[in-house]
Amino acid sequence: MEITPKYIVDENGKPVSVVISIDQFRDIVETYGLDLTKEEKEAILKGKAVRDHNQEAIEDEYISLNEIYK
């Protein structure tokens, strides 16, 4: 991803804001999960912790493919 910022400066030439295109902004939001809810972030972290510790999947934490394709 390439970001092409436009800097907004104050009367002393000090940067105070930056403007990027809406497409670049959306890419950043989606890439870094900034659009996820607190619950979604917690679920992702909980799943990662289970995988990182090589724990067996807990039945109520995961949905089987059979349940999805009923």
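P15 counts as exposed, at 52% relative accessibility. I start there on purpose. The model is predicted, by the way. Exposed here means over 50% relative accessible area, so P15 at 52% qualifies. Where does P15 sit? P15 is in strand β2. Which residues does P15 touch, leaving aside neighbours within four places in sequence? The partners are I8 and V9.

Now the overall layout. The protein has 3 helices and 2 strands. Along the sequence, the order is β-β-α-α-α. The chain runs to 70 residues, and buried residues make up 7% of them. The accessible surface comes to about 6,700 Å². Carbon and sulfur atoms own 54% of that surface. Next, contacts between residues at least 6 apart in sequence. Of these, 11% join residues at least 24 apart.

On to the stretch after β2. Strand β2 covers residues 15-19, and I20 lies in the loop between β2 and α1. Is I20 buried or exposed? Neither label fits: I20 is partly exposed, with a relative accessible area of 27%. The buried class needs under 20%, so I20 at 27% falls outside that class. Look at what I20 touches. Not counting residues up to four places away in sequence, the contacts are I3, P5, F25 and I28. There is also a backbone distance to note. The C-alpha atoms of I20 and T4 are separated by 6.4 Å. Along the chain, I20 and T4 are 16 residues apart.

Helix α1 next. Helix α1 spans residues 22-31, and Q24 is in it. Why does Q24 count as buried? Its relative accessibility is 11%, and buried means under 20%, so Q24 makes the cut. Q24 touches M1, E2, I3 and T4, with residues up to four places away in sequence not counted. So two residues on this slide touch I3. Q24 has I3 among its contacts, and I20 has I3 among its own.

Stay on α1 for the salt bridge. How many salt bridges are there by the rule used? The count comes to 1. The pair is R26 with D23, and the closest N and O atoms are 3.8 Å apart. The cut-off is 4 Å, so 3.8 Å passes. Both R26 and D23 lie in helix α1. They are 3 residues apart, about one turn of the helix. R26 is partly exposed, at 47% relative accessibility.

Now charge on the surface. Which residues gather in the patch of negative charge? They are D27, E30, D35, E39, E40 and E42. Helices α1 and α2 each supply at least two residues of the patch, with α2 covering 38-52. Which helix gives the most? That is α2, with 3 residues. Take E40 as one member of the patch. E40 is found in helix α2. E40 counts as partly exposed, at 39% relative accessibility. Patch members need over 30% relative accessible area, so E40 clears that bar at 39%.

Last stop, the nonpolar patch. I63, L65, I68 and Y69 make a nonpolar surface patch of about 510 Å². I68 is in helix α3, residues 65-68. How open is I68? I68 is partly exposed, with a relative accessible area of 48%. That is under the exposed cut-off of 50%, so I68 keeps the middle label.

To recap, briefly. P15 in strand β2 is exposed. Q24 in helix α1 is buried. R26 and D23 form the salt bridge. The negative patch draws on α1 and α2. The nonpolar patch includes I68, found in α3. That is the tour.

Note on methods: Residues numbered from 1 in each chain as written. Predicted model: local features only at pLDDT ≥ 70, side-chain atom pairs only at ≥ 80, totals over all residues. Heavy atoms only, no water. Patch = residues over 30% accessible without salt bridge, like charges linked within 9 Å, V, L, I, M, F, W, Y side chains within 5 Å. Areas by Shrake-Rupley, 256 points an atom, 1.4 Å probe, with all protein chains shown as cover. Salt bridge = Lys/Arg side-chain N within 4 Å of Asp/Glu carboxyl O. Helix = DSSP H or I, 4+ residues; strand = E, 2+ residues; numbered from the N terminus. Buried < 20%, exposed > 50% of the residue type's maximum accessible area, 1.4 Å probe, protein only. Contact = heavy atoms within 4.5 Å. Lys, Arg positive; Asp, Glu negative; His and termini not counted. Charge placed at Lys NZ, Arg CZ, Asp CG, Glu CD.
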